[in-house]
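Please walk me through this protein model. Start with the overall fold, then go strand by strand and helix by helix.

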Amino acid sequence: MTTPLSTLEWPLPDEEATVALAQRLAGLVRGSTPDGPAAGGRIHLRGELGAGKTSLVRALLRACGVTGRIKSPSYALLESYNVSNLYFYHFDFYRFSDAHEWRDVGFDELLDTQAVILIEWPEQAGTRLPPPDLDIRLEYAGNGRHAHLAAHSEKGQQWLMHLDPPRR
């Protein structure tokens with residue numbers, strides 16, 4: 001992974017804080033933030049099992065307007081959604097045992113810059129994935145969680161500039 005261009009810390013003491021972060025990110029990935037970047041982008045999510053990666057993605061998809069059931073892609077590897085002609089691809093690479101597997105199933109064709117790409121367990125693809133705009137690492141923090149957000153592109157830096165983390 002490359003050195004981040006900028007970083008941001010975001011405490012997640014409860015589910016409401018996770019939803020609030022997802023809602024802020026939703027406006028950014030939809031391109032609906034004034035003076036923000038265009039819609040689409042790539043977000044990698046890291047953390048131990050149960051750290052909240054899928055919960056954050058579900059909250060983000062809901063905030064973007066996805067209705068109906070939002071399934072975890074743990075077994076299917078990919079769940080896709082379309083809201084107002086913006087595609088969302090939610091990947092989960094946890095079950096990959098070899099970094100080449102993601103290309104073997106043809107996922108490289110879906111990494112369209114006009115889509116929102118959400119990848120859980122990106123480290124399972126080794127160095128084969130393009131760098132994310134934003135890398136989110138979730139860690140346990142007492143009864144809650146803590147998010148470390150790292151921008152790896154100009155778009156990611158713009159996203160971080162538009163986020164305003166809660167004060168402790």
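Among contacts in the protein chain between residues at least 6 apart in sequence, what percentage join residues at least 24 apart? The figure is 66%. Contact here means heavy atoms within 4.5 Å.

This is a predicted model: local features need pLDDT of at least 70, side-chain atom pairs count only at pLDDT 80 or more, and totals for chains, interfaces and linings use all residues. Residues are numbered from 1 along each chain as its sequence is written, and side-chain values use heavy atoms, with hydrogens and water left out.

Begin with the layout. The protein chain has 4 helices and 7 strands. Both are DSSP runs, numbered from the N terminus: helices are H or I with at least four residues, strands are E with at least two. Along the sequence the pattern reads β-α-β-α-β-β-α-β-β-β-α. Of the 168 residues, 48% count as buried. Buried means under 20% relative accessible area, exposed means over 50%, and partly exposed lies in between (1.4 Å probe, protein chains only).

Now look inside. The largest nonpolar core has 36 residues. Such a core is a set of buried Ala, Val, Leu, Ile, Met, Phe, Trp, Tyr and Cys residues joined through side-chain atoms within 4.5 Å. Phe 88, Ile 136 and Leu 149 have the most contacts inside this core. Helix α1 (residues 15–29) gives the most to it, with 7 residues. A second, separate core has 9 residues, including Tyr 89, Phe 93, Trp 121 and Leu 129.

Ile 136 deserves a look of its own. Leaving aside neighbours within four places in sequence, its contacts include Leu 25, Ile 43, Leu 45 and Leu 56. Ala 147, His 148 and Leu 149 are also among them.

Next, the strands. Two strands pair if DSSP finds at least two bridges between them. β2 (41–46) and β5 pair in the parallel sense over 5 bridges. Leu 45 stands opposite Glu 120 in β5. Strand β5 (residues 116–120) also pairs with β4, again in the parallel sense, over 5 bridges. Here Phe 91 stands opposite Ile 119.

How many of the residues of β5 are buried? The count is 5 of the 5, so β5 is largely enclosed by the rest of the structure. Both of its faces are covered. Val 116, Leu 118 and Glu 120 lie on one side, and Ile 117 and Ile 119 on the other.

β4 (86–92) tells a similar story. In this strand 6 of the 7 residues are buried, so β4 is largely enclosed too. His 90 sits in β4. His 90 counts as buried because its relative accessibility is 1%. A polar contact of 2.6 Å joins its side chain to that of Glu 120. A polar contact is a pair of N or O atoms within 3.5 Å; within protein, one must be able to donate a hydrogen and the other to accept it, and residues adjacent in sequence count only if both atoms are side-chain atoms.

β4 also carries an aromatic feature. A search of the whole structure finds 1 aromatic pair. The rings of Tyr 87 and Tyr 89 have centres 6.1 Å apart and planes at 10 degrees, so the pair is stacked. Rings of Phe, Tyr and Trp (its six-membered ring) pair if their centres lie within 6.5 Å; planes under 30 degrees apart count as stacked, over 60 as edge-to-face and the rest as tilted. Tyr 87 is partly exposed at 40% relative accessibility, whereas Tyr 89 is buried at 13%.

β3 (78–83) pairs with β4 in the antiparallel sense over 6 bridges. Leu 78 has Phe 91 as its bridge partner. The two strands form a hairpin with 2 residues between them. Ser 84 in the turn has a positive phi of about 50 degrees. Ser 84 is exposed, at 72% relative accessibility.

Finish at helix α4 (residues 154–162), where Lys 155, Gly 156, Trp 159 and Leu 160 are buried. They cover an arc of only 140 degrees around the axis, which puts them on the same side of α4. The arc is that of the directions from the helix axis to the C-beta atoms. Their cover includes β1 (6–12), α1, β2, β6 (134–141) and β7 (144–151). Ser 153 caps the N-terminal end of α4, with a side-chain oxygen 3.3 Å from the backbone nitrogen of Lys 155.
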